[in-house]
Amino acid sequence: QLLEHPEEITAASLGAAAELREALADSVDFEDPPTAIAVVYCFLLSSDRAIRRGQLDFLSANAMPAVLQVLKPTYDAIGGMDEGFKLPLVDMLIPTLKQLTPEQYATFKRNGAALIEADGRLSLFEFAITRVVYHGLDIHFRLAEPERERFHSLNNVHAAANVIFSCLAHLGMPGEADQHFRTATKMLLPGSSEWKLVPPGDYDLHDIDQALTHLSGLTPTLKKQFLLVAGRLVLADGEVAAREFQLLRVIAESLDTPIPPFVSSVTSDN
């Protein structure tokens with residue numbers, strides 16, 4: 001279903017996104033760049049009170065005054081938001097973030113990195129922020145170039161694909177990961193002996209980041225095929241958990257094949 005009928009997915013997803021936007025209309029100004037920055041900062045604040053205090057002190061000294069002015073009311077409005085809604089909301093703010101000046105964007109990116117590093121760990125959501133927000137905006141502000149086409153066959157990216165498909169399989173239905181992995185990979189290269197399910201302990205977010213960078217060299221056609229199979233892996237159990245959506249959205253952004261925010265179909269991991 002996912003991505004096979006993009007016109008249906010787009011209509012349903014954008015409708016759900018519009019509902020989210022309407023629900024937050026009184027508390028979040030989607031057209032205001034300082035508010036858009038504040039939303040991202042709020043989502044990066046730690047649940048640990050001591051760490052969060054340090055993050056807020058850092059922002060008090062380094063964030064733009066206009067952002068500090070809206071930070072508390074923004075946090076009051078979205079601080080307790082369910083994980084499944086966060087990335088779709090950030091997605092809707094990307095056009096507003098593109099209105100920043102290059103200097104403002106540099107400050108926003110630097111501060112975001114500091115917030116992420118505050119607890120010494122990198123969560124999947126934080127990784128998604130770095131890929132979904134900064135990847136596209138770096139290109140927009142000409143700090144990075146789109147990846148050029150290097151691979152015209154999936155035979156060139158087996159190792160990277162194994163990492164990404166394995167992660168999706170383990171996130172979705174750990175007890176049936178091998179079955180779903182084999183079903184999905186057969187769609188891309190039937191009969192290949194190079195497909196191998198990677199155990200969860202044998203890769204981390206750094207490996208995923210490297211794999212996505214490698215896969216970004218695929219041709220547009222192969223990127224779409226890859227994303228289709230990734231989507232089928234996510235929907236193998238009929239549900240899209242927040243962490244699955246986050247990784248799928250990261251994959252799509254990294255392959256320059258964006259997908260709409262699936263607000264209504266994302267379920268809490270809890």
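Analyst: A residue counts as buried when its relative accessible area is under 20%, and that cut-off is applied here to a predicted model.

User: Why is serine 254 called buried?

Analyst: The relative accessibility of serine 254 is 1%, and since this value falls under the 20% cut-off, the residue counts as buried. Serine 254 has its place in helix α12, and once its neighbours within four places in sequence are set aside, the residues in contact with serine 254 are Arg131, His135, Leu212 and Ser216.

User: How do you know whether valine 67 is buried or exposed?

Analyst: The same reasoning applies to valine 67, whose relative accessibility of 1% is under 20%, and therefore valine 67 is counted as buried. Valine 67 belongs to helix α4, which covers residues 65–78, and its contacts beyond four places in sequence are Pro34, Ile37, Ala38 and Tyr41. The C-alpha atom of valine 67 is also 8.7 Å from that of alanine 36, although the two residues are 31 apart along the chain.

User: What makes helices α11 and α12 roughly antiparallel?

Analyst: Helix α11 (residues 220–234) packs with helix α12 (residues 242–254) at an angle of about 180°, and their axes are 10 Å apart. Angles over 145 degrees count as roughly antiparallel, and therefore α11 and α12 are described in that way. On the side of α11 the contact is formed by Phe226, Leu227, Ala230, Gly231 and Val234, and on the side of α12 by Glu244, Leu248, Ile251 and Ala252. Sorted by class, this contact has seven nonpolar residues, one polar and one charged.

User: Why is the pair of tyrosine 41 and phenylalanine 108 called tilted?

Analyst: The whole structure has seven aromatic pairs. In the pair of tyrosine 41 and phenylalanine 108 the ring centres are 5.9 Å apart, within the 6.5 Å limit for pairing, and the planes meet at 40°, which is neither under 30 degrees nor over 60, so the pair is tilted. Tyrosine 41 lies in helix α2 (residues 33–44) and phenylalanine 108 in helix α6 (residues 102–117), so that this pair links parts of the chain 67 residues apart. Both partners fall under the 20% cut-off for buried residues, with a relative accessible area of 2% for tyrosine 41 and 1% for phenylalanine 108.

User: What makes the pair of phenylalanine 165 and phenylalanine 226 stacked?

Analyst: Here the planes lie at 20°, under the 30 degrees that set the limit for stacking, and the ring centres are 4.5 Å apart, so phenylalanine 165 and phenylalanine 226 form a stacked pair. Phenylalanine 165 is in helix α8 (residues 158–172) and phenylalanine 226 in helix α11, 61 residues apart, and both phenylalanine 165 and phenylalanine 226 are buried.

User: How do you know that the charged end of lysine 86 sits over the ring of phenylalanine 125?

Analyst: The charged end of lysine 86 is 5.8 Å from the centre of the ring of phenylalanine 125, and the distance part of the rule asks for a value within 6 Å. The rule also asks for a position within 35 degrees of the ring normal, and the charged end of lysine 86 is counted as sitting over the ring.

User: Which elements make up the protein, and what share of its residues counts as buried?

Analyst: The protein has 12 helices and two strands, and 49% of its 270 residues count as buried.

Conventions
Residues numbered from 1 in each chain as written. Predicted model: local features only at pLDDT ≥ 70, side-chain atom pairs only at ≥ 80, totals over all residues. Heavy atoms only, no water. Helix = DSSP H or I, 4+ residues; strand = E, 2+ residues; numbered from the N terminus. Buried < 20%, exposed > 50% of the residue type's maximum accessible area, 1.4 Å probe, protein only. Contact = heavy atoms within 4.5 Å. Axes fitted to C-alpha atoms, helices over the stretch in contact; angles between N-to-C directions. Parallel < 35°, antiparallel > 145°, perpendicular 65-115°, else oblique. Nonpolar A, V, L, I, M, F, W, Y, C, P; charged D, E, K, R; others polar. Phe/Tyr/Trp six-rings, centres within 6.5 Å; stacked < 30°, edge-to-face > 60°.
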